[in-house]
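Let's take a walk through this one together, chain by chain and then side chain by side chain. Keep the viewer open as you read.

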Amino acid sequence: MEYVSPEGLRLDGRRPMEMRQIRAEIGAVSKADGSAVFEMGNTKVIAAVYGPREVQNRSQQLSDKALVRCEYNMANFSTGDRMRKPKGDRRSTEISLVIRQTLEECILTHLMPRSQIDIYVQVLQADGGTRSACINAATLALADAGIPMRDLVTSCSAGYLNSTPLLDLNYVEDSAGGPDVTVGILPKLDKVTLLQMDSKLPIDILENVIQLATEGCKAIANYIREILLENTKELEYRRGS
Amino acid sequence: MLHNKSFVKKTKGGKVMKQVREHYLRDDIYCGAPSCTVCDSSGARLSSSASTILVVDTNVVLNQIDLLENSAIDDVVVLSIVLEEVKNKNMSVYNRLRAICSNSNRKFFVFSNEYHRDTYVKEMSGETKNDRNDRAIRVATQWYQKHLGGAVKVLLVTNDKENKRKASEEGICAETVESYVKSLDRPDLLDLLVRPSSEDAEMADVEDHRPSKRKVIYSEHKPMSEITSGLHRGIYHQGKLRVNRYNPFEAYVGSESIGDEIIIYGRSNMNRAFDGDIVAVELLPEDQWQGEKSLSIVGEEDEDEDEDVHLAPNSADDAPRTTPQQGSTGVINAGSSRPSGRIVGIIKRNWHSYCGSLEPMPMPGGSRGVAYALFVSKDRRFPKIRIQTRQLENLLDKRIMVSVDSWDRQSRYPSGHYVRTIGDIGDRDTESEVVLIENDINSRPFSAQVLACLPPLPWSVSSEDLSIPFRQDLRHLRVFSVDPPGCKDIDDALHCYALPNGNFEVGVHIADVTNFVFPGTPLDDEASQRGTSVYLVERRIDMLPKPLTEDVCSLRSDVERLAFSVIWVPSADYWEFIFSKKISTLAFCIWVHTHRFALALFMYVQEMTPEADIISTRYTKSVIKSAAALSYVEAQARMDDSRLMDPVTTDLRNMNSLAKKMRLRRIERGALTLASAEVKFQIDTETHDPLDIGMYQIREANQMVEEFMLAANVSVAQQILKSFPLCSLLRRHPTPTKEMLEPLLRVSAAIGLNLDVSSSKALADSLDLAVGGDPYFNKLIRILATRCMSQAVYFCSGDLSPPEYHHYGLATPLYTHFTSPIRRYADVIVHRLLAASIGISKLPSVFQDRLQLTSIADNLNYRHRNAQMAGRASVELHTLIYFRKRPTDTEARIVKIRSNGFFVFVPKYGIEGPVYLTTRAEKGSGEWYVDEQEQKIKKMDGSFSYSILQTVQIHMEVVEPQPNRPKLQLTLI
């Protein structure tokens, strides 16, 4: 199948190095301490953060740092076919773990010993790249909740189809069965916190693909920073100062 | 600008789902005109001086692709919506259009109108998809007009009346193809046009002798919805139609749903389907299943078509299929007859261009005008095609190419249009060209890009080549090659060295083609497309450009060349083991420079002991210097001449004795000695006419070289599979099924021969025992056995499970092709795999992608098969030229019995053809009847009978029953 036409356009009209349209909104769940909606094209994710708060299960309490918990799930209506998704299936357990590990790396947990931070992410609409969208939404929500972090974490995926590296795969490209590299970085510190790949890639091409995904992460980081700034300004305005 | 498309789609499971896709509209898509001031013109393809720019509609592309391929048509804008529609309707036209668009000599520009901000149109409610796409084309045309201003005329070319009318209303210049081509004032282009079917009435002049012409001849094709539901309910069966090469009125549809082949008799049951079409078939009621008709040699319809003389087929794939005979023996056994059916619909057409000539006809009165003619394809599987032409007088004595456009219910023949002229009928070059075209062989010269990949010429081994650490200097070895006489593409050479202890070191050196052909280069792409060199009787079509084929890669004598060699070293343990077991036959040491010989030893030892690792194998790239390039005849003569004691001759003798032992061992494992009737021409060097033909003689020298090559291939197969279990390119030969061997068993039963076909070993043994009254008998049986089997095929190891890798004919679990990289692309791939597996180069990225590898393997199989067919067709052509001047009487053997005659095989010339006992007029008079049990045809009164494998005297002569279709006729003396 032709995923990139000889004219250099992908199936949805993007060029190989282009991302889908991204949109973010802070404060979608007023009950939560911090929350955000993040969209990458038709992928739409909502994240809510509770905490730092008292540890619910005492036995899990850590005396030197905060306990970070993450729960990922997909809404039944997020894909075309309305399948009942059992909670805690392998895929969502894995993604929960990935998100938790990625974020734990940048939260300054040692500042909040004996407390717990809960991150809930739910996919409202899935069109490829949910993993990245979840991480981006969660970063925003954490920032909104005012949880101390080393840096923002942003994530983006890239693939390799028709001998072309492609940025930000959508569902159709994702299901082509080609390699799908998800990268998460700390943009200011210029560090990689997440690197995952499905399928196989020759090593020299992998470098290009990772590079491309990193560029994507940086672009997302800039956008997220803008959103945060805007949000802060708004808060400032509301306070009337 | 973002926009969401939403549509509903039916999934495989039959569920209807709503799909939503993003659709981005852009402002950076350029118009492709270099004169444009607004757009970035770096990617512009249209000519700057163009006064008219054409925008083509989908129906124009689909129907008039032959016209578009003509270089007279240029400055065309192809819209992406048109490409998409074409892709959905006809993949082959799409590929041709893409080829034109990417050809830098043609000025075709692809405009992605679907992604352009100003030309995207949204489906309106109530608008069909088709109307929406037509509107998109008009909007894009209008955009072009506005964008380019008055400088250039933008012309929409469409054959859709409605679209044209709406375009004119919207102020767009629109014309039909006919009127546009007429305005170009090029009468030769007009012939390329496909006629719309409304002009059918005029065609009556061609067929006015058929008063019933207007009546409906064929039943209607069922609508697609009905076919789909019929397929679901199991009343229709889907499959690819294959027309019998030898009888165009008989076709088969291999159906998965009933697990058998459905036979289709006659044109009306075939219902306008062509060979290769995907069709839907309805089974006929069982009492109409016929077994008998096909068994007479002659076609059953009133047309004067019948069997031709052909080369004897080499495998089951070439041979005409036959059905188990019945009825004729008087035993009616309806249960065992094969299912017959009729075609109710065509799911996918496989129309392409066909080669042939026009049926001779008187020139119509006003010769300048338009004439209608019937085109007769050279390939008998295709029906006659009606075409319209303005240049009838030029075409009558020419071989031409014709495309099919349509076939409606009222006409007996499909209608088509002229594509191009190949040359004069009967001219040898023309006929060879036809052979190439029919087999889809690219004989065009190599393009400049491809030639640019060649190393600078004249090429010689440089010090750089020698300094590469992995390249071993083997120039001191006495290497020589043995090939057919006159061979210029020498890709293998051997050496054999007597060691002081009485053992031998044997080496095989294969031309190092991959040192010059790098993956991903235009040269590599071209070679992978061509797949193989093609050998015709009088010429060779190379896979690689001539400098590589004949010079740089060819292991010629007395020049230094790069090679790929392999070395095996038997360890001390090995010798202890050999001597302790006192295996005298193995008491030679082999230090092999090619893999094959080593493998033979390796496997033998493996059978006896678990210490299979006692021989270490080494593959290396090397530099060699061939001492002699011998022909098979020379090599044989040297070996036979006991006076000669020079080093090369001694090497040859040593190798020959080794090869004999290896051969013996291979046969013990159950390898089949198969036979085919290969013929050889002696060609006049001046006129290129055949002077003499005869069976190809197999000498010991041939067998010797073959033996080493086989062993090499087997061992490389092991090596690459070990390193790359999922992406190796191997070659397998499927075990023949019981049904495939059925004809062989019937023949052997009739002559009282007991063949055991339970395994290849059993078959090989019983073939050895089959010695009849005369020397040729055994070979004949082997030829019959060979043609019952299917051909070996390339495959990607990841696609099948290891037991399926088996090569039946050679009785080895693994096999591949390694030894002829100059003329086979498969070998080039295997060279790369081997180089990667020994760590001297990286594995190219193709191998990461199994789908791509599989498609390469499929292409190689296709090309390989076509090359063989072309070779055979070329031999047939030359046989015909040879016998045209020399009617001959000769001996022949009966190989197949039919109700009105039999097929004979002429060993001397390797051809096979029908001999009629009854003339066509008295067909079915019942004078002869067939005894199925004994495979005999007997006269009713019992006075006369012919049985299978019997020797008969026949007369061979070229006759021309239909003009322009000469054929060889065999008659009984």
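How many helices and strands does chain A have? Chain A has 4 helices and 9 strands. Keep in mind that this is a predicted model. Reading from the N terminus, the order of elements in chain A is β-β-β-β-α-β-α-β-β-α-β-β-α. Chain A has 241 residues, and 53% of them count as buried. If you look at contacts in chain A between residues at least 6 apart in sequence, 67% of them join residues at least 24 apart.

Now pick out helix H2 of chain A, residues 130–145. Its 16 residues span 22 Å from the first C-alpha to the last, close to the 22 Å expected at 1.5 Å a residue. Is H2(A) enclosed by the rest of the structure or left open? It is largely enclosed, because 14 of the 16 residues of H2(A) are buried. Right after H2(A) comes Gly146(A), and its phi is positive, near 75 degrees.

On to the charges in chain A. Glu173(A) and Arg14(A) form a salt bridge through their side chains, at 3.6 Å from N to O. This pair links distant parts of the chain: Glu173(A) sits in helix H3 (residues 171–174) of chain A, while Arg14(A) is in the segment before strand E1 (22–26), 159 residues apart. Both Glu173(A) and Arg14(A) are buried. They also belong to a network of salt bridges, where they are linked with Arg10(A), Asp12(A), Arg20(A), Asp127(A) and Asp168(A).

Next, the place where the two chains meet. Chain A puts 22 residues into the contact and chain B puts in 21 residues. The area buried between chain A and chain B is about 1800 Å², with carbon and sulfur atoms giving 45% of it. Which three residues supply the most of the area that chain A buries against chain B? They are Glu7(A), Asp12(A) and Asn42(A), which supply 26% of that area, more than any other three residues. Asp12(A) is a residue you have already met, in the salt-bridge network.

Glu7(A) also turns up in a salt bridge across the interface: its partner is Arg98(B), and the closest N and O atoms are 2.9 Å apart. In total, 5 salt bridges are counted between chain A and chain B. Polar contacts between the two chains come to 9 residue pairs, both residues being at pLDDT 80 or more. Over all chains, the structure holds 55 salt bridges.

Chain B has its own pairs to look at. Start with Lys761(B) and Asp765(B), which form a salt bridge with the closest N and O atoms 3.6 Å apart. These residues are 4 apart in helix H23 (residues 760–769) of chain B, so about one helical turn separates Lys761(B) from Asp765(B). The general background is that an α-helix has 3.6 residues a turn, so residues three or four places apart point the same way. Lys761(B) counts as partly exposed because its relative accessible area is 32%, and Asp765(B) counts as partly exposed at 33%.

Another pair is Arg638(B) and Asp646(B), whose side chains meet in a salt bridge at 3.1 Å, N to O. Arg638(B) is partly exposed at 24% relative accessibility, and Asp646(B) is partly exposed at 25%.

Then there is an acid without a salt bridge. Asp483(B) lies in strand E20 (residues 479–483) of chain B. Asp483(B) is buried, yet the nearest side chain of opposite charge, Arg823(B), is 7.2 Å away. What is Asp483(B) in contact with, leaving aside its neighbours within four places in sequence? The contacts are Ile490(B), Asp492(B), Leu630(B), Ser631(B) and Tyr632(B).

Finish at Asp542(B), in the loop between strand E24 (540–541) and helix H16 (546–552) of chain B. Asp542(B) is buried because its relative accessible area is 11%, under the 20% cut-off. Its side chain joins that of Arg540(B) in a polar contact of 2.5 Å. Not counting residues up to four places away in sequence, Asp542(B) touches Phe446(B), Arg530(B), Ser533(B) and Thr549(B). If you want a backbone distance to check, the C-alpha atoms of Asp542(B) and Thr532(B) are separated by 7.5 Å, with the two residues 10 apart along the chain.

Technical notes. Residues numbered from 1 in each chain as written. Chains lettered and ligands numbered in written order. Predicted model: local features only at pLDDT ≥ 70, side-chain atom pairs only at ≥ 80, totals over all residues. Heavy atoms only, no water. Helix = DSSP H or I, 4+ residues; strand = E, 2+ residues; numbered from the N terminus. Expected span 1.5 Å × (residues − 1). Buried < 20%, exposed > 50% of the residue type's maximum accessible area, 1.4 Å probe, protein only. Lys, Arg positive; Asp, Glu negative; His and termini not counted. Salt bridge = Lys/Arg side-chain N within 4 Å of Asp/Glu carboxyl O. Contact = heavy atoms within 4.5 Å. Buried area = accessible area lost by both parts, 1.4 Å probe. Polar contact = N/O pair within 3.5 Å; in protein donor to acceptor, adjacent residues only side chain to side chain.
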